[in-house]
Amino acid sequence: MLTKERKEQQMAAITKRLFLRHLQSTPTSHVRRLKNGEVANEGAGTAFWFRPLGSTVSELPIDELERSVLFRSRTSDFQEVSVQATITYRIVEPKLAASRLDFSIDTDQGHWNATPLEQLGGILTEMAQQHAVGVLAEMTLAEVMATGIPRLRETVSDGLTSDPWLNDAGVGVVSVRVIAVRPEADIEKALQNPIREHLQQEADRATFARRALAVQQERAISENELENRIELAKREEELVAQEGANERSRASAEAEANHVRVESEAEAVERNGLAVAERIRATGMAKVDTERAQLEAYAAIGEATLMALAVKELAGNLPAVDTLVLSPDLITPLLAKLLPRAAESVGAAGE
């Protein structure tokens, strides 16, 4: 399918003055006026007065033009594909182009009398399609999808650049851009399915790998937690054992301290007992010595004195009486009892 030009051309401005015309061209337009078959005016961006009768004015664009190309062709395996490309060209020899195509303009309105750019675009499209069809006919659909665009671009560009008709017409091809090469919709979908399946497999593989990694990480975390629990249990066991050892040590220390305290208390009691016994013994000995001294003193005094002391002692131990009547019958037996006892005490002290 042929497409129209990418941009509209700006034509020269023509001004009417009675029987004269004034033409003002643009810098991107080459104007060529023939008068009676001879070149009267020619150049880019020119301005001149002329009589329309007997004058033929041609205007050729010398800037770069673009032609969009869209066509369908078949590959070597009989698969239909569509090719979309853009051809950039320019008229490098206006004189040659004016001799091949009709670029004459209406001297009253300034418009082309024919459609030279459409004709030139159609020729370019047919030439490009001819070169592209030859390349596609030698390639399979798989090859076209893989390397078709650069091969088409190179082939079409070389073919148009070296084409004799374009060279003789003064048209130069600046560049060829192959935008897309696409098969039919169902074929394209079928070709995309393996890639989609492969991509889906890669995505699934990545998902499985991610899940496997997550499982490994979870297992590592669980193992780490288990190891931590085991380590904590060991630490707790060591702590319990250490606490038991500490309790045993503490109990042993307390028992040892209690033993030492008991021994100390026993020694203190023993020392106190010995001291008390020694004190009692010393007291007894002192009493014995005192009694011995008393008896020695008693032995040294007379019987009458002893009797008097005995009576005094007796009187000190008797209860208080208001009236005491002593008769010989009462005193005689008492004295008889006291004298022998005093004599025995004196004898015992002397021994």
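The chain's secondary structure adds up to seven helices and ten strands. The model is a predicted one, with a mean pLDDT of 83 and 85% of residues at 70 or more. The weak spot to flag is residues 1-8, where the pLDDT is below 50; even so, this stretch has 22 contacts in the model beyond its near neighbours in sequence. Of the 351 residues in the chain, 25% are buried. As for how the chain folds back on itself, take the contacts between residues at least 6 apart in sequence: 65% of them join residues at least 24 apart.

On to the interior. The largest nonpolar core has 34 residues, and Val83, Tyr89, Phe103, Leu152, Leu160, Leu166 and Val181 have the most contacts inside it. At least two residues each come from strand S8 (65-74), strand S9 (80-91), H2, helix H3 (141-161) and strand S10 (171-183). H2 gives the most, with eight residues. Separate from this core is another one, of nine residues, including Ile14, Leu23, Val31 and Phe50. In general terms, nonpolar side chains in soluble globular proteins tend to be buried together.

Helix H2 deserves a closer look. It runs over residues 116-136, and its 21 residues should span 30 Å at 1.5 Å a residue; the end C-alpha atoms sit 30 Å apart, so expectation and model agree. Its buried residues are Pro116, Leu117, Leu120, Gly121, Gly122, Leu124, Thr125, Met127, Ala128, Ala132, Val135 and Leu136. His131 also belongs to H2, but at 24% relative accessibility it counts as partly exposed, because buried means under 20%. Leaving out neighbours within four places in sequence, His131 is in contact with Thr155, Val156, Gly159 and Leu160. The C-alpha atoms of His131 and Leu152 are 8.2 Å apart, with their positions 21 residues apart along the chain. Leu160, one of the core residues with the most contacts, returns the contact with His131 and also touches Ile87, Leu124, Met127, Ala128, Leu166, Val173 and Val176, again setting aside neighbours within four places.

Next, the aromatic side chains. The structure holds two aromatic pairs. In one of them, the ring centres of Phe103 and Trp112 lie 6.0 Å apart and the planes meet at 70°, which is over 60 degrees and therefore makes the pair edge-to-face. Phe103 is buried, with just 1% relative accessible area, and is among the residues with the most contacts inside the largest core.

Phe103 also turns up in the surroundings of Ser58, a residue of strand S7 (residues 55-61). Ser58 has a relative accessibility of 13% and so counts as buried. Not counting residues up to four places away in sequence, Ser58 touches His30, Val31, Arg32, Phe103 and Ser104. Of these contacts, Val31 is a member of the nine-residue core.

That leaves strand S6 (residues 47-50), which has two distinct faces: Phe48 and Phe50 are on the covered one, Ala47 and Trp49 on the uncovered one. Side chains in a regular strand alternate between the two faces of the sheet. S6 pairs with strand S3 (residues 20-24) in the antiparallel sense, over four bridges. Within this pairing, Arg21 stands opposite Phe50. Phe50, on the covered face of S6, is also part of the nine-residue core, as is Leu23.

Definitions and conventions: Residues are numbered from 1 along each chain as its sequence is written. This is a predicted model: local features need pLDDT of at least 70, side-chain atom pairs count only at pLDDT 80 or more; totals for chains, interfaces and linings use all residues. Side-chain values use heavy atoms; hydrogens and water are left out. pLDDT is the predictor's confidence in each residue, from 0 to 100. Contact means heavy atoms within 4.5 Å. Rings of Phe, Tyr and Trp (its six-membered ring) pair if their centres lie within 6.5 Å; planes under 30 degrees apart count as stacked, over 60 as edge-to-face and the rest as tilted. Buried means under 20% relative accessible area, exposed over 50%, partly exposed in between (1.4 Å probe, protein chains only). The expected span of a helix is 1.5 Å times one less than its number of residues. A nonpolar core is a set of buried Ala, Val, Leu, Ile, Met, Phe, Trp, Tyr and Cys residues joined through side-chain atoms within 4.5 Å. Two strands pair if DSSP finds at least two bridges between them.
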